[in-house]
Amino acid sequence: MAPPVASAGPDLRAPDGTAIDRVTADCSGAANQVVSQTGGQLLSAAAQTKGGQVVCVITVLVPGKGNERPKKVSVSVPQ
């Protein structure tokens, strides 16, 4: 008998059996906002559920001052 195949439906489960909720959000506006506020370069933007609320987690690379190395900064923006 073949092992069960995970589907993209509402009953998607992680290997340990916990339910996975699909999150749909457009994080492009949040990404543009964070990039303009920090002066950084966009590395990633992803929607996540935190405490039952959808947030966009935006990660940017912010240039260092003088000879400092750039810093990787993640910002959570509520949707």
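**Notes on the predicted one-helix, three-strand chain**

1. Let us start with the surface. The accessible surface of the chain comes to about 6000 Å², and 53% of that belongs to carbon and sulfur atoms. Areas here come from the Shrake-Rupley method with a 1.4 Å probe, and for residues only the protein chains shown count as cover. Please keep in mind that this is a predicted model, in which local features need pLDDT of at least 70, side-chain atom pairs count only at pLDDT 80 or more, and totals for chains, interfaces and linings use all residues. Residues are numbered from 1 along each chain as its sequence is written, and side-chain values use heavy atoms, with hydrogens and water left out.

2. A word on confidence. The chain averages a pLDDT (the predictor's confidence in each residue, from 0 to 100) of 81, and 73% of the residues score at least 70. Over residues 1–9 the pLDDT is below 50, and beyond near neighbours in sequence this stretch has three contacts in the model; contact means heavy atoms within 4.5 Å. Among the elements, the highest mean pLDDT is that of strand 3, at 95, and the lowest that of strand 1, at 92.

3. Now the overall layout. The chain has one helix and three strands, running α-β-β-β from the N terminus on. Helices (H or I, at least four residues) and strands (E, at least two) are DSSP runs, numbered from the N terminus. Of the contacts with a separation of 6 or more, 29% are between residues 24 or more positions apart. Buried residues make up 18% of the 79 residues, where buried means under 20% relative accessible area, exposed over 50%, and partly exposed in between (1.4 Å probe, protein chains only).

4. The disulfide deserves a look. A search of the whole structure finds one disulfide, that is, a pair of cysteine sulfur atoms within 2.5 Å. This link joins C27 to C56, with an S to S distance of 2.0 Å, and is left-handed, with -80 degrees about the S-S bond. C27 lies in the segment before helix 1 (28–38) and C56 in strand 2 (residues 53–62), so the pair ties together parts that are 29 residues apart in sequence. Both ends are buried: C27 has a relative accessible area of 8%, and C56 has 0%.

5. The cysteines also belong to the core. The largest nonpolar core has nine residues, namely C27, A30, A31, V34, C56, I58, V60, V62 and V77. A nonpolar core is a set of buried Ala, Val, Leu, Ile, Met, Phe, Trp, Tyr and Cys residues joined through side-chain atoms within 4.5 Å. Helix 1 and strand 2 each supply at least two residues of this core, and strand 2 gives the most, with four.

6. Helix 1 has two sides worth comparing. A30, A31 and V34 are buried in this helix. Seen down the axis, the buried residues of helix 1 fall within an arc of 100 degrees (taken from the directions from the helix axis to the C-beta atoms), so they line one face of the helix. An α-helix has 3.6 residues a turn, so residues three or four places apart point the same way. On the other side of helix 1, N32 and S36 are exposed. The buried residues of the helix pack against strand 1 (41–50), strand 2 and strand 3 (71–78). Not counting residues up to four places away in sequence, A30 touches C56, I58, V77 and Q79. After the helix comes G39, with a positive phi near 70 degrees.

7. T59 is a useful residue to inspect in strand 2. At 8% relative accessibility, T59 counts as buried. Leaving aside residues up to four places away in sequence, T59 touches Q41, L42, L43, S44, K72, V73 and S74.

8. Two partly exposed residues round off the list. A25, in the segment before helix 1, is partly exposed at 32% relative accessibility. A25 and C56 are 31 residues apart in sequence and 7.7 Å apart in space, C-alpha to C-alpha. Not counting residues up to four places away in sequence, A25 touches A47, V54 and Q79. Q53, in strand 2, is partly exposed with a relative accessible area of 40%. The C-alpha atoms of Q53 and Q79 are separated by 7.8 Å, with the two positions 26 residues apart along the chain numbering. With the same sequence neighbours left out, Q53 touches Q48 and P78.
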